Amino acid sequence: MLRLENLVKTYKTGDQALKSLKLEVPEGQVVALIGPSGAGKSTLIRCINRLVEPTSGKVYLDDVELTGLSAAALRRERRRMGMIFQEYALVERLTVMENVLSGRLGYVGFWRSFLRRFPQTDVDEAFRLLDRVGLAHMADKRADELSGGQRQRVGICRALIQNPALLLVDEPTASLDPKTSRQIMRLICELCKERGLAAIINIHDVALAQMFVQRVIGLRFGAIEFDGSPEGLSPDVLTTIYGEEDWEATIEEADEEEVEAAE
Ligand SMILES: Nc1ncnc2c1ncn2[C@@H]1O[C@H](COP(=O)(O)OP(=O)(O)OP(=O)(O)O)[C@@H](O)[C@H]1O
Ligand SMILES: [Mg+2]
């Protein structure tokens, strides 16, 4: 269970990115985080693993207060949080396999990882994961030879090989075409279900969020404006989160894509 208590982030510039946020995400729940640009979605995700240091408030993962940890203890706890980014963040000159195994760096000792000698059990697990996402045949390819969708699959494997309790996902489909976006979103949600993993997925495509998750949180100006099931995202609610727009069209689009996805 992830719990945020009165989380505040004010950047040095004076930008109040998060205003006393309260949130609980139980084990195994996948949450989509939506909201306009600048709403604080990335800040929220980054405050959880303290890539961004919260100004005040508390973050708990199970019984551990992450906000109170020393650097060394935080390093250990970060193993329990897999992170998937929009920009993939792969090491270009390394192979697919090496990129996946780099997810084990938090576990393997420095010298062993420096020499890239990973235990066979890690290599086996990396193969299993690559197979699961349909990339087993590409294990030896260099990361810079992959398509965007393939790169994101590698990023997913790298996060999962950490064996995390929580996935933090920041715009996983922002650089992908619509069909690949759907495939990646479906893959992430399926894997969470298979593994009983909780996840927060920051996604700007409302229709895509509605298709795959049971709970949506709408953020605006650093505060939660909506927290509920995707069916509750009426045009009125979307207007509160995003401001004026023709939301009927977006909702129709979600319905159409659902039909398409089911086919
Ligand atoms: N490093 C920073 N220094 C100062 N202000 C920042 C920093 N990062 C973000 N902000 C500000 O904090 C607010 C929230 O930004 P954040 O990146 O979390 O939004 P977001 O919801 O992820 O937006 P987007 O959809 O565009 O990615 C914005 O007003 C932004 O300008
Ligand atoms: Mg962002």
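**Close-up views of ligand 1 and Gln210**

**View 1. The residues around ligand 1.** Thirteen is the size of this neighbourhood: of the 13 residues around ligand 1, the nearest are Ser37, Gly38, Lys41, Ser42 and Thr43. Please keep in mind that this is a predicted model. Sorted by class, the shell around ligand 1 holds six polar, four nonpolar and three charged residues. Helix H1, which spans residues 41–48, is the element that gives the most to this shell, with three residues.

**View 2. Polar contacts to oxygen atoms of ligand 1.** Here we look at individual atom pairs. A backbone N or O atom of Gly38 sits 2.8 Å from an oxygen atom of ligand 1. For Gly40, a backbone N or O atom is found 3.0 Å from an oxygen atom of the ligand. Ser42 takes part through its side chain, where an N or O atom lies 2.9 Å from an oxygen atom of ligand 1. As for cover, ligand 1 taken alone exposes 630 Å², and the protein buries 62% of that area.

**View 3. Gln210 in helix H8.** This view turns to another part of the model. Gln210 belongs to helix H8, made up of residues 206–212. Is Gln210 buried or exposed? Gln210 counts as buried because its relative accessible area is 13%, under the 20% cut-off. A polar atom of the Gln210 side chain lies 3.5 Å from the backbone oxygen of Pro230. If you are following along in the structure, look for this pair of Gln210 and Pro230.

Notes
Residues numbered from 1 in each chain as written. Chains lettered and ligands numbered in written order. Predicted model: local features only at pLDDT ≥ 70, side-chain atom pairs only at ≥ 80, totals over all residues. Heavy atoms only, no water. Helix = DSSP H or I, 4+ residues; strand = E, 2+ residues; numbered from the N terminus. Buried < 20%, exposed > 50% of the residue type's maximum accessible area, 1.4 Å probe, protein only. Polar contact = N/O pair within 3.5 Å; in protein donor to acceptor, adjacent residues only side chain to side chain. Near = heavy atom within 4 Å. Areas by Shrake-Rupley, 256 points an atom, 1.4 Å probe, with all protein chains shown as cover. Nonpolar A, V, L, I, M, F, W, Y, C, P; charged D, E, K, R; others polar.
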